[in-house]
Amino acid sequence: MRYDDASWDEDVRLAVYHAFADRGRAPTGPELADAAGGSLAVAKQALHRLADAHHLVLDECEHVVLAHPFAAKSLGFSVMGSHTLWWGGCAWDSFAIPHLVDDEPEVLVATRCPGCGQPHALVVNRAEPPEGAQVAHFLVPASRMWDDVLHTCGNQRLFCCESCVDAWLAATGQAKGYVMDLVTLWRLARGWYAGRLERGYRRREPDSAVAYFAEAGLTGPFWAPATAGV
């Protein structure tokens with residue numbers, strides 16, 4: 001069996017995403033092997049091609065650490081449905097999970113404000129945005145989100161208010177990124193990952209991403225993606 005055979009890539013991608021969506025965790029080695037005709041070596045080669053194409057993120061041990069909107073470890077958000085508990089990759093991803101997972105139309109997103117440590121728990125569903133005065137702060141602009149995607153996701157957080165954002169930026173010495181309210185965050189998350197659990201999914205091209213961001217109310221240089229998309 002040829003390890004460079006890309007014909008298994010979509011089966012492996014689906015195995016990864018359905019393990020997260022259905023069970024809240026990354027797939028096991030045997031599950032990956034089953035998706036690649038019984039060969040874990042073939043599955044690992046597929047994982048690397050999928051990572052190169054920005055479908056997922058691997059750690060140094062070749063384990064899946066991110067398959068947006070799902071994470072294999074805590075990045076600041078837990079997302080609890082009726083049947084499944086997930087780590088959300090970031091504020092954006094956490095709000096996206098109920099829109100993507102058909103059997104979980106409503107979830108409880110829990111996090112802490114990085115500025116003051118205040119805990120927050122928000123009920124997020126696919127019918128309407130949650131109420132609240134919290135804001136999301138995105139540190140990294142769209143054109144650089146994949147430069148270090150774990151850093152990017154780890155800095156898409158929910159704060160009590162913009163004053164907490166400013167206090168956190170002052171304490172960490174970082175420049176301000178983009179601040180949005182919960183309604184805008186919900187609109188951003190609502191359809192971004194549509195189709196990701198289905199065979200034949202394709203990531204958005206830059207023009208499509210710009211149009212989607214604009215529809216959510218996000219325009220300007222911060223939301224101009226890199227030529228390879230986001």
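This is a short dialogue about reading a few features of a predicted model.

Student: Let's start with the sheet. What holds strands together in one?

Tutor: The general idea is that strands of a sheet pair through backbone hydrogen bonds, either parallel or antiparallel.

Student: In which order do the three strands of the open sheet come here, and is the pairing parallel or antiparallel?

Tutor: The order is E9-E8-E10, and the pairing is antiparallel. Strand E9 (156–159) and strand E10 (178–181) are the edge strands; each has a single partner strand, so one side of each has no neighbour in the sheet. From one strand to the next, the twist averages 25°.

Student: How many bridges link E8 and E10?

Tutor: Four bridges join E10 to strand E8, which covers residues 135–138. To find one of them, look at His-137, whose bridge partner in E10 is Val-179.

Student: Which helices pack on this sheet?

Tutor: Helix H6 (residues 162–172) touches E8, E9 and E10, and its direction makes about 30° with that of E8. Helix H7 (residues 182–190) also packs on the sheet and touches E8, E9 and E10, with its direction at about 95° to that of E10.

Student: Can we zoom in on one strand residue? Is Gln-156 buried or exposed?

Tutor: Gln-156 lies in strand E9. With a relative accessible area of 2%, Gln-156 is buried. Setting aside residues up to four places away in sequence, Gln-156 touches several others, including Phe-77, Trp-92, Met-145 and His-137.

Student: Now a helix. How far does H3 reach from its first C-alpha to its last?

Tutor: H3 (residues 40–52) has 13 residues and reaches 18 Å, close to the 18 Å expected at 1.5 Å a residue.

Student: Which residues of H3 are buried, and what do they pack against?

Tutor: Val-42, Ala-43, Ala-46, Leu-47, Leu-50 and Ala-51 are buried. The buried residues of H3 pack against two helices, H1 (9–23) and H2 (29–35), and against strands E1 (57–58) and E2 (64–67).

Student: What should I look for at the ends of H3?

Tutor: At the N-terminal end, Ser-39 acts as a cap, with a side-chain oxygen 3.4 Å from the backbone nitrogen of Ala-41. Just after H3, His-54 has a positive phi of about 65°.

Student: On to cysteines. What is a disulfide?

Tutor: In general, a disulfide is a covalent bond between the sulfur atoms of two cysteines.

Student: How many disulfides does this structure hold?

Tutor: Zero. Cys-61 is in no disulfide, and the nearest cysteine sulfur, that of Cys-153, is 19 Å away. Cys-61 is partly exposed, at 46% relative accessible area.

Student: Why is Cys-153 not bonded to Cys-90?

Tutor: The sulfur of Cys-90 is the closest to that of Cys-153, but at 4.6 Å the two are too far apart for a bond, because a disulfide needs the sulfur atoms within 2.5 Å. Cys-153 is buried, with a relative accessible area of 3%.

Student: Last one: where is Arg-199 found?

Tutor: Arg-199 is in the loop between H7 and helix H8 (206–215). Arg-199 counts as exposed, at 55% relative accessibility.

Student: And which residues is Arg-199 in contact with, leaving aside its neighbours within four places in sequence?

Tutor: Glu-10, Asp-11, Arg-13 and Leu-14. With Asp-11, the side chains make a polar contact at 3.2 Å.

Technical notes:
Residues numbered from 1 in each chain as written. Predicted model: local features only at pLDDT ≥ 70, side-chain atom pairs only at ≥ 80, totals over all residues. Heavy atoms only, no water. Pairing = 2+ DSSP bridges. Axes fitted to C-alpha atoms, helices over the stretch in contact; angles between N-to-C directions. Contact = heavy atoms within 4.5 Å. Expected span 1.5 Å × (residues − 1). Buried < 20%, exposed > 50% of the residue type's maximum accessible area, 1.4 Å probe, protein only. Polar contact = N/O pair within 3.5 Å; in protein donor to acceptor, adjacent residues only side chain to side chain.
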